[in-house]
Amino acid sequence: MTKILAIYFSEPREMDYPFHKSEYLEIYQGLIDRLSKHNIHSVIVRGNSYQGNGVFSHGWKFGADNKLEKVETVQADLIFNRDDKNTIPFITDCPIINRADFDDLCLDKVKTFKFLPQFSPKSETIHTFEAYLKTVQDWDFPPEERIVLKKNFEAEGRGIVIKPWKDIVESDYDDWSDLLVQEFIDSSGGIPEIIDGYHDLRVTVIEGTPINSFVRTPKTGSLLANVSQGGSGLAIPIDKVPKDVLDFVSEIHAQLEPFEPNIYAADFMLGQRGWKLIELNSRPGVQHPNWSSTYETFNTAVIEMLVKHIKN
């Protein structure tokens, strides 16, 4: 019996994100073709089309020439949530990976750190410059010690300020609401046998199993290890990831089991006081050979997850 997989994206038009990038379009076409070998029919659904009980008002399927064709009324057996703007409803009437509440936990950095304080750097949410001053003074950090400020719901390294805390001024932000003030992790010592200098290490995890990893480094003169901010990334096989990190992933996932089945990425830094969790990302994208030497390992694990849960 054929099963219907609905792959959900936020943007409403068929060639919106992520299909505006040819590599994403190519990879999703390949994944959908591989899923069809398991008697799974995949439909792209978008925007505010959800009507309840697994039904979407419309969607798109890839035709014989790999062009998207519109279809009406999609009855999903499983929803693969690829929402990039947190617009999907909190769906409880149809199986879904990931649930909206897990997305929210990962997207809201304050919730992440409050949920996992034992793994995280010292962090606090603030809404005014005065609250910032009170927080760092309460932490009793030396004035020359660096501090990290970031917008709670921002991504791709945008809006991050890293300075000695005494040098932070009110004009650094036009709007001080929903800011996260955070202990700076000095990762300049690198990761033994993997990378020298400032870094972060991302581990992608599917249902508690680490699948593959990326180490990212900042561009010269920057402290932001983010590719979107000019940094560089290197894929590494999971067996090259330090055991301490994999143990950390196992401990973190034990706290995330109530949200299973799930797929996410966990970002870590190695500082003077050991490894710290920097961020959770509930939407690690499918991987293209142009971006990752371990792309096949990850994409195959995604397919296996979807087949497992749509067949149950």
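This briefing walks through a strand, two cysteines and a proline in the structure above. The model is predicted. Strand 6, residues 78-81, is a good place to start, since both of its faces are covered. From there we move to the cysteines and then to a loop.

**Strand 6 and its partners**
- In a regular strand, side chains alternate between the two faces of the sheet.
- On one side of strand 6 sit Leu78 and Phe80, while Ile79 and Asn81 sit on the other, and all of these residues are buried.
- Strand 1, residues 3-9, pairs with strand 6 in the parallel sense over four bridges.
- Within that pairing, look for isoleucine 7, which stands opposite phenylalanine 80.
- Strand 6 also runs parallel to strand 7, residues 96-97, and two bridges join them.
- Here isoleucine 79 of strand 6 stands opposite isoleucine 96 of strand 7.

**Cysteines**
- Cysteine 94 has a relative accessibility of 7%, so it counts as buried.
- Cysteine 106 is buried too, with a relative accessible area of 3%.
- The count of disulfides comes to zero.

**Proline 284 in its loop**
- To find proline 284, follow the loop between strand 16 (274-281) and helix 6 (295-311).
- Is proline 284 buried or exposed? Proline 284 is buried because its relative accessible area is 6%, which falls under the 20% cut-off.
- Leaving aside neighbours within four places in sequence, proline 284 is in contact with Arg82, Thr204, Ile263, Tyr264, Ala265 and Phe298.
- Alanine 266 is 18 residues from proline 284 along the chain, and their C-alpha atoms are separated by 9.6 Å.

Definitions and conventions
Residues numbered from 1 in each chain as written. Predicted model: local features only at pLDDT ≥ 70, side-chain atom pairs only at ≥ 80, totals over all residues. Heavy atoms only, no water. Buried < 20%, exposed > 50% of the residue type's maximum accessible area, 1.4 Å probe, protein only. Pairing = 2+ DSSP bridges. Disulfide = S-S within 2.5 Å. Contact = heavy atoms within 4.5 Å.
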